[in-house]
Amino acid sequence: MMRRLMRGLIFSVIAAAISFGQTPQDAYRVPYKAWRETAAGLEKDAAAPSGSFSSRTSSAAKKAEDYLSARLALFLNPGGPAEVLPWATRRGSHPEMLLGARPDTNQLLTATDVVLAKAITSLEGANDPAIRAVRAAMERERTALNALIESLSKGDKALGDLTDSSEEIDHLNAAVARKTQEGADARATAVQNIRTESVAWARYYSDLAEGAGSSAASVAAKE
Amino acid sequence: MRLGTKVARYVLFALACGVACAQKSVADLEQAALKAHSEWLRLASDLDVRVARMLPCAAAATTAIENTRRAATVRILAVTDYVEAAAEQAAQDAALAQQLRRSQQLAAANYSQEATDSKHEVEDIEKQLGSLVESVHNKISLTTASDQLRSIEHLVDERAKLSATSADSAGILGEQFGELAAALQRREAALRTQVGELFDERGKWISYYNARLARARTECSATGAGR
């Protein structure tokens, strides 16, 4: 019951998350447009900056930072490869190891059958009704034992299918885990790149203001 | 987007908890089944030797057979519980793999769009560079800014490539999750078949130990010894 509830919860929340996260680009496209509008013409104006140039570069730097924060959120959005990895690398269950004619079970039952067969043979031809009754009981036991052995070996085909499916799933899980790890690594690199870009843009606008001779320090020096 | 992010965090929590709980449960049942198997094997492996040393009507002989029969039943029930849990786990994993397939398909589309946007961003930076290079002709002090903008262009270009690679990876991962979901569904079906087999097997074990017990009683009647 708990498992069903948990499964229902997981799937409904996943479905909701997928539907909410369908257009993540909108979250960074709006700040990008705002940044580009604010920064328009700065490079051209840098050759002959007006008095407001420094505040324009500061404003552009702030908008660039806003944009890159929004862009970063796309890569930091939970539910990505890194979070899926524990599931993808989970240990699979292998119940087939306990099913069918396990070697230890098979060996025991076969050995029991051999001993029983010998005992039945040794009582062959006995006239004593009591001994004959024991022999008959042994034969019934052997019939039940053979039915059990047959039942265990009968499922060999189904068990073979199960073993094949386990191997297939282990193989697919390994492939998924590898690809998921690659995705997680690519995301981590992208995150690092965006952070580096963020610092680089801040430095660029500072360099632009400085180079144009309109940074706070330059203005102060001129005055 | 914020709501989506919050919801996604809940997803992670629920996913992690759900998977962890289910995994623990299947692992516990596996351990219980292995323990029950060992216990039955311990009792069954020397049952005939132990019984042979006892007098035919010794109560201990009947008890030994009954204990082994009980252990066999406990074993088969434990294995059945384990297989049923593994089948349920396979069903849950299959459904989750399907969800992950869909989410990876979406991610592939998103990364692809992201890559396109990043390429446009590179084009915008190239325009900025064009303007700045002209300004550098008039003001050499802008060279540092120009160099910095070139290095940014390189970074953004790298990001565009990374997004394109991520889009490809997500596409492949989506296909892999689809294959995994199908394999897990086949596995669930195979495990359910085994549950049916185990039910039949249980009856055979009970019949065998009942016949073993009946033989012991017949031997007791035949000899009348140990009463």
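Read along the sequence, chain A of this predicted model follows the pattern α-α-α-α-α-α-α-α-α. Its secondary structure amounts to 9 helices and 0 strands. The chain has 223 residues, and buried residues make up 45% of them. Contacts in chain A often span long stretches of sequence. Among those between residues at least 6 apart, 79% join residues at least 24 apart.

Arg36(A) gives a local view of this chain. The residue lies in helix H2 of chain A, which covers residues 25-39. Its relative accessible area is 17%, under the 20% cut-off, so Arg36(A) is buried. Arg36(A) and Ala60(A) are 24 residues apart in sequence. In space, their C-alpha atoms are 8.0 Å apart. Leaving aside residues up to four places away in sequence, Arg36(A) touches Trp201(A) in its own chain. It also touches three residues of chain B: Asp124(B), Ile125(B) and Gln128(B).

Confidence in chain B varies along the sequence. The chain averages a pLDDT of 88, and 88% of the residues score at least 70. Helix H3(B) has the highest confidence, at a mean of 94. Helix H1(B) has the lowest, at a mean of 70. Over residues 1-10 of chain B, pLDDT stays under 50. For that stretch the model has 15 contacts beyond four places in sequence. For the complex, the predictor gives an ipTM of 0.72 and a pTM of 0.74.

The two chains meet in an interface. The size of an interface is often given as the accessible area lost when the parts come together. Chain B and chain A bury about 9,000 Å² between them. Of this area, 67% is on carbon and sulfur atoms. The contact takes 103 residues from chain B and 99 residues from chain A.

Polar and charged pairs also cross the interface. Across the interface of chain B and chain A, 25 residue pairs are in polar contact, with both residues at pLDDT 80 or more. There are also 7 salt bridges between the chains. Glu141(A) forms a salt bridge with Arg212(B). The closest N and O atoms of this pair are 3.8 Å apart.

Three helices of chain B, among the elements on its side of the interface, each supply at least two residues that touch chain A: H1 (2-45), H3 and H4 (143-223). The largest share of that side, 40 residues, comes from H4(B). By class, the side of chain B that touches chain A has 52 nonpolar, 29 polar and 22 charged residues.

Glu121(B) shows the interface at the level of one residue. Glu121(B) lies in helix H3 of chain B, which covers residues 59-138. Its relative accessibility is 1%, under the 20% cut-off, so Glu121(B) counts as buried. A polar contact of 2.4 Å joins its side chain to that of Tyr67(A). Beyond residues up to four places away in sequence, Glu121(B) touches residues of both chains. Those in chain A are Tyr32(A), Trp35(A), Tyr67(A), Arg71(A) and Glu197(A). Those in chain B are Val156(B) and Arg159(B).

Notes. Residues numbered from 1 in each chain as written. Chains lettered and ligands numbered in written order. Heavy atoms only, no water. Helix = DSSP H or I, 4+ residues; strand = E, 2+ residues; numbered from the N terminus. Buried < 20%, exposed > 50% of the residue type's maximum accessible area, 1.4 Å probe, protein only. Polar contact = N/O pair within 3.5 Å; in protein donor to acceptor, adjacent residues only side chain to side chain. Contact = heavy atoms within 4.5 Å. Buried area = accessible area lost by both parts, 1.4 Å probe. Salt bridge = Lys/Arg side-chain N within 4 Å of Asp/Glu carboxyl O. Nonpolar A, V, L, I, M, F, W, Y, C, P; charged D, E, K, R; others polar. pLDDT = per-residue confidence, 0-100.
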